[in-house]
Amino acid sequence: MQTDFCPNCFAPGFVNGCCAKCGYQTRFEGKVYQRALPPGTVLQQRYYLGRTLGEGGFGITYKAFDYAKQAICCVKEYAPNEICRRSEHGRMLEVLSEQVELPYRAGLKRFFDETRILSRLENIPSVVDITDVFQENNTAYFVMEYLDGANLQQIVRATKGRLPVQKATDIVLQVAVSMDVIHTKTKIIHRDITPENIFITRQDQVKLIDFGSAKQTQTGMQSGLSVVLKPCFAPPEQYSTEMVQGSFTDVYSLAGTYYYALTGKYIPTAPDRLAGQDYVSLKEMNVGVSAGISDAVDRALALKANQRTKTMQRFIAEIAAGMEMPVARPAAQVRPTAQARPAAQVRPAVQNRSAPPQRLGIPVRPVTPTRITPAKVTPARPQAPARQPQKVALPYVSVVLGPEKGKNWNIPRNETLKLGRSKTEANICVERPNDISRVHCLITWVEQTRRFCIRDLSVNGVYYNGQRLKRGMDCFVSPPARFALASASCVIELGVRYEYR
C-alpha cells in the first residue's frame with residue numbers, strides 16, 4: 001500500500017514536504033494541531049489521512065483518501081479536548097483520569113448519535129452525506145463527502161463584510177428548505193445553525209454541516225435538552241435545560257445567520273437582548289432589502305418563542321413574499337405626505353359656504369334653494385370584489401437538441417422526477433441515444449428558491465457549463481438552463497413559463 005501521497009491532493013511522489021502537482025508545502029501550513037494524527041496514518045486499512053482541516057471541542061476533522069473508492073473524502077474523529085490525550089508512542093486515545101471516563105463515554109455516544117442522524121438525512125439536499133462509521137484507537141470515526149470551498153463566515157469576511165442580498169437570500173433559503181424537510185419528516189432540530197456550519201462549495205452547492213448538537217424529538221418540540229449553543233445565534237430557550245426547544249429554535253438561528261450575511265454584524269446575545277440591548281433592524285441599515293424581508297427577519301428573531309415564526313416553511317414564505325416588495329428607501333428620500341406638508345402649502349378651507357361669491361367685484365344675486373324631497377333608494381347589494389388573476393410559474397423540461405428534439409414535460413413543484421431512457425423507471429423518458437442511463441439524473445423544481453436541482457446518477461455523466469457534475473451531488477441552477485446528457489448529442493433545457501390564472 002503506497003503511503004507517500006501529498007496530504008492535500010493525494011498525488012504520489014510527495015517529497016521533502018512539497019507536492020509538484022498541487023504546490024502544497026508543509027512549511028506553509030498555518031495552524032499546527034498538536035492532538036491530530038499525523039499525515040500518512042491509515043485507518044481501517046482503507047482511509048489514508050492527509051492534512052488536518054480543523055479541530056473543535058469534541059473532534060478533529062481530516063482530509064483523507066479512500067483507497068476503496070479511489071476518491072478524496074473527509075474523516076471526523078471523536079477526540080474531546082481536555083479529557084483525553086494520545087498515548088505517548090501511538091495513535092490510541094486515553095482518558096486523563098478515571099473521573100473523566102464517564103464524560104468520555106457519554107461524548108462517544110453523542111458522536112454516534114450524530115452519525116445516526118446524518119445517515120438518516122443522506123437524501124436531503126444541502127445536508128452533508130455520511131458514507132462510513134467505525135471504531136479504532138479507543139475512539140470512533142465517521143467518513144463524509146469532502147466539501148471543497150469555504151464556510152459562510154469565511155465568505156462574508158472575504159467580501160468586504162457582507163454578501164449581496166440575492167446571494168445571501170439564496171443561501172439561506174436553500175438551508176431553510178432542507179431544514180423544513182428535516183423538521184417535518186424526522187423531528188430533528190439542528191440547534192447549531194451558524195455561518196461556520198453553512199458550507200458553500202466551489203460549485204455553489206450549499207451544505208449544512210456539524211449535526212453534533214442535533215436532537216431528535218417526538219413532536220418537533222422538547223424540553224430538558226442540554227445547553228449547547230453559539231452565543232450570537234442561540235435563542236433564549238437554548239440557555240436553559242427547562243425551556244421547550246423546537247423548529248422555532250432553528251428559525252431564530254437561521255435568521256441570525258441571514259442578518260450576519262447581509263450586514264457582516266452579529267446580533268447581540270439573547271441574555272444581552274433580554275437586558276435591553278438590541279440590534280438595528282435591516283430596513284434601518286440601508287443594505288438593500290425590502291421592508292417585507294426586514295420584518296420577516298424581525299419576527300424570526302423574536303425573543304419569546306410564542307411570538308416568533310414557528311416553522312421554516314413560514315419563514316420561507318415570508319422571505320419569498322418580501323422579495324416581491326419594493327426596497328425600502330431611507331427616510332430622508334421619502335416624500336412628505338399631505339399631512340406632513342407645511343401649513344402654507346395647504347389650501348385654506350372656505351369658512352362661510354352660505355355667502356354669495358364675488359366675481360370681479362360685481363355682487364351676484366343669491367338664489368333661493370328649492371327644497372327637494374329625496375326619493376327612497378333601495379341600497380344596492382354589495383358585490384364581492386373581482387378576483388385578481390395570479391401569476392403562476394409553470395416549470396418545464398424540454399429536449400432542445402437530439403433525436404427527440406421538441407419533447408416537453410411539466411415539472412410539479414417540489415417533487416423529484418427521474419430522467420432517463422427507461423420507460424418503466426423514469427418519469428421523463430428520453431429513449432435515445434444509448435449512452436443515456438436507465439435513470440440518468442434527478443430533477444426537482446424548488447418552488448421556494450425558484451431554482452432547479454439536478455443530481456447526476458449516470459455512468460456517462462451530466463454536463464453543465466462545459467463541466468461534468470459530480471455524481472450524487474446536488475447542483476442548483478437558475479432557469480433558463482441547459483445541460484447535456486452524456487454528450488452534446490442530447491441537450492436538455494430547464495425553464496419556466498408564466499401564466500395568469
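Modeller: Let's start with a word we will need throughout: contact means heavy atoms within 4.5 Å. Helices (H or I, at least four residues) and strands (E, at least two) are DSSP runs, numbered from the N terminus. The model is predicted, so to speak of local features we need pLDDT of at least 70, and side-chain atom pairs count only at pLDDT 80 or more, while totals for chains, interfaces and linings use all residues. Residues are numbered from 1 along each chain as its sequence is written, and side-chain values use heavy atoms, with hydrogens and water left out.

Colleague: Good, a helix first. Which helices do the buried residues of helix 6 pack against?

Modeller: Buried means under 20% relative accessible area, exposed over 50%, and partly exposed in between (1.4 Å probe, protein chains only). In helix 6 (residues 291–300), the buried residues are Gly292, Ile293, Ser294, Ala296, Val297 and Ala300. They pack against helix 4 (247–263) and helix 7 (312–323).

Colleague: And which residues touch the most other members of the largest nonpolar core?

Modeller: A nonpolar core is a set of buried Ala, Val, Leu, Ile, Met, Phe, Trp, Tyr and Cys residues joined through side-chain atoms within 4.5 Å. The largest one here has 84 residues, and Val75, Ile198, Leu254, Tyr258 and Phe315 touch the most other members. Take Phe315: leaving aside neighbours within four places in sequence, Phe315 is in contact with Val172, Val251, Leu254, Ala255, Tyr258, Ala296, Ala300 and Thr309. A second, separate core holds 26 residues, including Val399, Phe452, Val462 and Leu485.

Colleague: Now sheets. In what order do the 6 strands of the open sheet with strand 28 run?

Modeller: Strands of a sheet pair through backbone hydrogen bonds, either parallel or antiparallel. Two strands pair if DSSP finds at least two bridges between them. The order in this open sheet is 19-18-28-27-24-25, with antiparallel pairing. Strand 19 (408–410) and strand 25 (467–468) each have a single partner strand, so one side of each has no neighbour in the sheet.

Colleague: How many bridges link strand 18 and strand 28?

Modeller: Strand 18 (residues 391–401) and strand 28 share 10 bridges, and Val399 has Ile492 as its bridge partner in strand 28. Strand 18 is also joined to strand 19 by 3 bridges, where Tyr396 faces Asn410. On strand 27 (residues 481–485), 4 bridges lead to strand 28, with Ala484 opposite Val491. Ala484 of strand 27 also stands opposite Tyr463, and 3 bridges join strand 24 (residues 462–464) to strand 27. Of the 5 residues of strand 27, 4 are buried.

Colleague: Glu493 in strand 28 caught my eye. Is Glu493 buried or exposed?

Modeller: Glu493 is in strand 28 (residues 491–500) and counts as buried because its relative accessibility is 14%. A polar contact is a pair of N or O atoms within 3.5 Å; within protein, one must be able to donate a hydrogen and the other to accept it, and residues adjacent in sequence count only if both atoms are side-chain atoms. The Glu493 side chain makes such contacts with the side chains of Tyr396 (2.8 Å) and Arg482 (3.0 Å). Apart from neighbours within four places in sequence, Glu493 is in contact with Tyr396, Val397, Ser398, Val400, Ala481 and Arg482.

Colleague: What about a loop? Where does Ser437 lie?

Modeller: Ser437 sits in the loop between strand 21 (428–429) and strand 22 (441–446), and at 13% relative accessibility Ser437 counts as buried. A polar atom of the Ser437 side chain lies 3.3 Å from the backbone nitrogen of Val459. Leaving aside neighbours within four places in sequence, the contacts of Ser437 are Gly420, Arg421, Ser458 and Val459. Asn460 is 23 residues away from Ser437 along the chain, and their C-alpha atoms are separated by 7.7 Å.

Colleague: Back to the other end of the chain. Which are the edge strands of the sheet 1-2-3-4-8-7?

Modeller: That open sheet has 6 strands, paired antiparallel. Its edge strands are strand 1 (42–43) and strand 7 (130–136), each pairing on one side only. Strand 1 meets strand 2 over 2 bridges, and Leu43 stands opposite Tyr47.
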